[in-house]
Amino acid sequence: MKNNKSLKVLSTAAISAALVAPTVAVQPAFASSTYTVSNVQTVGVNSWVGTGSSTVTNVAIKIPSGTISSGDTAVARVRLPNNGFASILGVDANSAGKDFVRGAGAQQTLTYNVTVTAPGNAKTNFDTKVSFSFNNNGTPVTVDADVALTDADTEITTADKVASALNSKPDFTSNHFTAAGSNGKLVIKQQPPSGTNTATVAQNALTVTETDGSVFALNGSSPSIDSGNADQSVIPVRNAADAVNSIDKVTIKPVGKKASAYSAANNASGGPSNKDTANDEYEITIYGNGNASEGLVYLPISSLYVPSGNSGAFNLTIDSADGKLSKGDLAIAQVGTGSVTATADDITALQNKNGQSIGTIRLKEDRPGLFNTTDEYTLKLPKGFSWNGLPTVEKVFGDGNANLEVRKIDERKIGVKLKSGTNPTSTTAGTFALKNGKVDVDDAVAKTGDVELTLEGDYGTTNGTLKVATYGDYGTSATVAEPTTVVGGQDDQDIANFTIKENAPGTFIDGRTIKLTLSGNAKWNLNNLPKIKTSESDAQGIRVEPSVSSSDASTVTLTIKGDSKDSNKVAKLVFEKGTIDTAANAQAQDVKMTISGSAGATGELTVAKLTPAATVTVDGETPKVIIGAQNQDVGTIVIKEAKKDTFDDKNKKLVLHFPDGVKPTLPTKVEVTDGDLTLDTANVSKDGQDIYIPVKFSSTKVSTIKVSGVKVNVDRTVSEGDLKVALRGDSVVTTDTKVYAKNPSQGILYGYNTDTYIPFQNNHDAAIGTVAKVVTPADGNKYAENIIFKIGSKTYTQDGKEMTMDVAPEVHPVYNRTYIPAAHFAASLNIPADKVVWNEAAKTVTIFAGDKIVSATAGKKELVVNGTPVQIDAPVNYGQHTGYRVMVPYTHLALALGATVEWKADTQEIFVNKR
């Protein structure tokens with residue numbers, strides 16, 4: 001047989017695993033045992049769950065190997081909260097205790113489930129063999145049976161035939177197995193008589209094959225349990241690890257109060273017919289057999305009473321009398337407060353018309369028996385909406401024949417309650433589905449937006465309103481994910497995903513358009529226009545065809561193809577993989593996308609944050625360079641990329657471009673000081689106004705480059721002001737050379753006059769920074785103005801800017817003349833430092849100031865101006881007492897350099913101005 005049939009085998013190990021599948025697990029510190037609870041009940045107060053005849057909740061006690069030796073025991077007490085009661089299957093609360101013995105036949109009934117689907121392929125007849133294997137006290141046994149199936153067999157008849165074939169084999173029945181078909185399932189039970197060991201069955205116990213050897217495909221390698229009567233076993237033959245159980249015997253003894261002694265429990269409906277069989281405390285004695293494997297014991301709770309005053313978790317407390325078992329609280333039930341939770345499967349989009357369907361509404365009890373034939377739960381539509389007919393009701397969960405009925409209270413309100421002639425749920429809280437509800441819309445009253453039901457009535461409700469639909473006029477809404485970060489001058493950069501959604505079904509019509517226009521120095525990358533992301537969209541059969549209709553690629557047009565396939569649902573289009581090209585010289589700004597077009601879509605979204613690709617600065621104080629001078633130092637140039645991987649490699653270069661009239665030398669050093677960008681520094685080159693820096697490997701961390709030792713020649717055509725250097729090159733800017741071919745067949749660049757298109761042609765500079773100040777040569781006509789020196793101060797001001805000296809002006813104590821340091825006085829007049837020359841041997845300073853050459857020699861009462869000695873009334877000072885600075889009487893030095901001075905006696909200040 002082929003894969004169109006499937007079988008699910010349920011083994012002893014799988015049964016044990018399923019019974020201990022944890023919904024609650026407790027393992028206190030230093031504990032030797034762990035507890036798990038399966039099938040935690042949802043219950044109401046002052047009510048019973050279960051009748052005492054079958055398990056409703058099972059507590060598993062797992063004991064590590066070696067905890068209880070042969071002949072040893074462990075004793076525990078389990079008790080319920082005050083006035084809570086429980087029955088344990090097989091234990092009579094009137095008795096002195098009940099012994100359970102491993103392998104005692106009647107204590108274990110195992111059920112194995114096999115799901116069989118109809119053949120349904122072209123083959124008519126199937127000669128089939130069923131094999132069932134088990135181990136009987138160490139002896140492997142395999143039962144083989146032939147089954148004749150045809151293509152006409154259904155799941156039901158197939159299961160019946162397989163069961164009949166197994167039951168015909170003595171080795172199957174003599175080992176206390178029986179098989180039966182049950183509505184398409186094959187149920188295999190084993191119930192040996194008391195005193196007989198139970199045979200063990202492996203997970204792959206059952207196989208069904210064709211005579212050609214083809215094996216049925218199993219539904220998973222770890223089959224699960226079909227509960228059957230397996231939970232009646234207190235001591236399974238095998239433990240959770242599928243080894244022989246180390247527990248031989250368990251004695252369960254009621255030691256507390258009987259339920260019959262508490263009037264509320266005794267009189268509450270449901271529960272065991274004899275309330276004496278339920279108790280509030282039990283003593284459990286567990287006997288080990290010395291087996292090396294772990295032990296496993298079940299406490300099958302067959303009825304449970306929860307008294308008034310409880311809510312939330314209802315716990316069973318376990319205490320260890322001898323310390324061998326763990327102490328802990330286990331939640332065996334969850335107490336409901338008597339309320340209904342309503343949920344909606346789908347949110348429907350309503351239009352201005354009648355008889356529109358809304359999605360399924362589910363009503364869930366928080367405890368069994370909540371819905372009754374007297375109390376009513378109501379669902380009311382908002383103004384402008386009315387019920388058109390009544391929803392149908394389907395029971396999803398809940399025991400017995402419980403179901404609900406619906407009545408129309410008024411145009412906007414319906415009520416639900418327990419259907420007459422049915423019984424409330426008793427052991428399982430019910431869930432009921434209201435399906436096929438229809439509503440009418442009055443557009444004169446109905447408000448656009450969410451349509452919410454008001455939930456109220458005679459029951460409590462966990463939610464006062466429930467959104468079941470939306471209502472809106474034709475139109476759209478647009479949203480965007482977190483904007484991406486893009487840099488200037490680069491192509492094919494991702495923007496954020498964005499969503500355009502109909503307000504009402506039918507807004508998007510075949511042939512209509514959605515236009516997306518970019519601003520913020522960005523244009524669409526023509527190779528990657530936005531596409532619908534199908535995994536997140538609900539396109540309702542709609543698709544779009546993108547094209548670029550503007551001559552500069554700032555606008556992409558999405559033409560809608562097809563109409564919405566579902567008139568009750570709005571189409572939601574999530575767009576992804578749209579990329580953009582940006583201008584190199586763009587400043588930091590938002591990239592915005594405006595939505596327009598004949599489809600009625602409108603809005604403006606920020607799809608990216610644009611930042612310059614890099615910055616260019618100078619390290620430290622900006623130096624000055626003189627017009628017409630050669631080999632002048634500029635500052636160390638610092639280049640920093642905006643984000644990692646901004647500078648591309650693949651034989652690409654960064655270019656430092658100097659302005660016209662300025663020619664740089666090669667730098668003495670180029671280095672990466674931060675990040676992991678790798679440069680080919682051995683091949684740094686220059687050509688005219690440009691320095692080329694090759695990039696070997698792009699960065700994974702934001703990187704900084706320092707370019708040191710650059711000198712410049714500045715010709716006389718250069719104007720005063722900032723000397724700016726531009727960063728360009730194909731490593732940082734691509735949109736100035738990116739070429740797109742015109743493609744009229746796809747509507748690309750419709751109306752553009754050339755065959756190719758470059759997004760930002762002639763836009764080369766990713767960053768521009770000042771690396772020096774350009775000044776004119778110092779001469780008699782170019783001295784600074786408004787210079788102020790102060791006696792005793794090592795600072796002076798020049799045109800309002802404070803400057804620093806290492807020696808302060810002073811009044812000579814002998815000659816009563818004010819002396820000033822010659823070099824700083826020259827600097828205050830904008831005479832460059834290299835025009836002030838010191839001759840150490842002669843102890844002479846010479847200042848070259850345009851057409852004037854002034855010399856002063858230490859100890860002499862003269863200045864030499866343009867070769868002519870000029871007498872002064874006080875000598876030039878120099879030595880340790882002057883800080884090894886040449887100090888000259890300021891009036892004589894100013895006169896020699898062509899400046900005028902004024903003395904302010906009240907403030908002890910010298911004012912200097914040009915002539």
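User: What makes the charged end of lysine 904 count as sitting over the ring of phenylalanine 911?

Analyst: A charge sits over a ring if NZ of Lys or CZ of Arg is within 6 Å of the ring centre and within 35 degrees of the ring normal. The charged end of lysine 904 lies 5.8 Å from the centre of the phenylalanine 911 ring and is listed as sitting over it, so the distance satisfies the 6 Å limit. The charged end of lysine 249 likewise sits over the ring of tyrosine 287, at 4.9 Å from its centre. This is a predicted model, in which local features need pLDDT of at least 70 and side-chain atom pairs count only at pLDDT 80 or more, while totals for chains, interfaces and linings use all residues. Residues are numbered from 1 along each chain as its sequence is written, and side-chain values use heavy atoms, with hydrogens and water left out.

User: How many aromatic pairs does a search of the whole structure find, and why is the pair of phenylalanine 789 and phenylalanine 825 called stacked?

Analyst: The search of the whole structure finds twelve aromatic pairs. Phenylalanine 789 and phenylalanine 825 have ring centres 5.9 Å apart and planes at 25 degrees, so the pair is stacked. The rule behind this is that rings of Phe, Tyr and Trp (its six-membered ring) pair if their centres lie within 6.5 Å, with planes under 30 degrees apart counted as stacked, over 60 as edge-to-face and the rest as tilted. The pair links distant parts of the chain, with phenylalanine 789 in strand β65 and phenylalanine 825 in helix α5, 36 residues apart.

User: What makes the pair of tyrosine 878 and tyrosine 884 edge-to-face?

Analyst: The centres of tyrosine 878 and tyrosine 884 are 6.0 Å apart and their planes meet at 70 degrees, so the angle is over the limit of 60 for an edge-to-face pair.

User: Is tyrosine 884 buried or exposed, and how do you know that?

Analyst: Tyrosine 884 has 51% relative accessibility and therefore counts as exposed, given that buried means under 20% relative accessible area, exposed over 50%, and partly exposed in between (1.4 Å probe, protein chains only). Serine 303 has 0% relative accessibility, so it counts as buried.

User: Where does serine 303 lie, and what joins its side chain to that of serine 87?

Analyst: Serine 303 lies in strand β19; helices (H or I, at least four residues) and strands (E, at least two) are DSSP runs, numbered from the N terminus. A polar contact of 2.6 Å joins the side chains of serine 303 and serine 87, a polar contact being a pair of N or O atoms within 3.5 Å, where within protein one must be able to donate a hydrogen and the other to accept it, and residues adjacent in sequence count only if both atoms are side-chain atoms.

User: Why are strand β8 and strand β19 said to pair?

Analyst: Two strands pair if DSSP finds at least two bridges between them, and β8 and β19 have four, in the antiparallel sense, so the requirement is met. In this pairing serine 87 stands opposite serine 303. Strand β6 also pairs with β19 in the antiparallel sense, over seven bridges, and three bridges join strand β5 to β19, again antiparallel, with tryptophan 48 opposite tyrosine 305.

User: What makes β19 mostly covered?

Analyst: Twelve of the twelve residues of β19 are buried.
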